[in-house]
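Please follow the charged side chains of this chain and then its aromatic rings, keeping the sequence and the coordinates side by side.

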Amino acid sequence: MRKLKVLYMSNNLVKEWGEFVKLADLPCLVDLVFVGNPLEERYSAEGTWLDEASRRLPKLKKLDGNL
């Protein structure tokens, strides 16, 4: 999966940043859909989801449909 560019991972049960940061091992990943995961829901409610996720995966160009 080294060449994976787009990953639709919505509506799973990812709760921890430790699981999320494993996606950094995908060097070509540029588009990620992560809505519906407990981790995303918690930080979206706080209004910090995009900032926190982008900081952990800086190569992303698109996160949950946002540029």
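In this predicted model, a good place to begin is Arg 55, whose side chain forms a salt bridge with Glu 52, with 2.9 Å between the closest N and O atoms. Both residues belong to helix 3, which covers residues 49-56, and they lie 3 residues apart, about one turn of the helix. Arg 55 counts as exposed because its relative accessibility is 55%, and exposed here means a value over 50%. Glu 52, by contrast, counts as partly exposed, its relative accessibility being 21%, and the cut-off under which a residue would be called buried is 20%.

Glu 52 has a further partner in Arg 56, and in this salt bridge the closest N and O atoms are 2.6 Å apart. Arg 56 and Glu 52 are 4 residues apart in helix 3, so about one helical turn separates them. Because the salt bridges share partners, Glu 52, Arg 55 and Arg 56 are joined into one network. Arg 56 itself is partly exposed, with a relative accessible area of 23%.

The structure holds 3 salt bridges, and another of them lies between the side chains of Glu 19 and Lys 22, where the N to O distance is 3.2 Å. Glu 19 is partly exposed, its relative accessible area being 44%.

Arg 56 also leads from the charged side chains to the aromatic ones, since its charged end sits over the ring of Trp 17, at 3.8 Å from the centre of that ring. A pair of aromatic rings is described by how far apart the centres are and by the angle between the planes. The count of aromatic pairs in the structure comes to 6. One of these pairs is formed by Trp 17 and Trp 49, which are stacked, with 5.7 Å from centre to centre and 15 degrees between the planes. This pair links distant parts of the chain, for Trp 17 lies in helix 1 (residues 17-20) and Trp 49 in helix 3, with the two 32 residues apart.

How is Trp 17 classed, and how is Trp 49 classed: buried or exposed? Trp 17 and Trp 49 are both buried, a class that requires a relative accessible area under 20%. Trp 17 and Trp 49 also belong to one aromatic cluster, in which they are joined by Phe 20, Phe 34 and Tyr 43. Trp 17 therefore appears in two settings, as a member of this aromatic cluster and as the ring over which the charged end of Arg 56 sits.

Technical notes
Residues numbered from 1 in each chain as written. Predicted model: local features only at pLDDT ≥ 70, side-chain atom pairs only at ≥ 80, totals over all residues. Heavy atoms only, no water. Salt bridge = Lys/Arg side-chain N within 4 Å of Asp/Glu carboxyl O. Buried < 20%, exposed > 50% of the residue type's maximum accessible area, 1.4 Å probe, protein only. Phe/Tyr/Trp six-rings, centres within 6.5 Å; stacked < 30°, edge-to-face > 60°. Lys NZ or Arg CZ within 6 Å of the ring centre and 35° of its normal.
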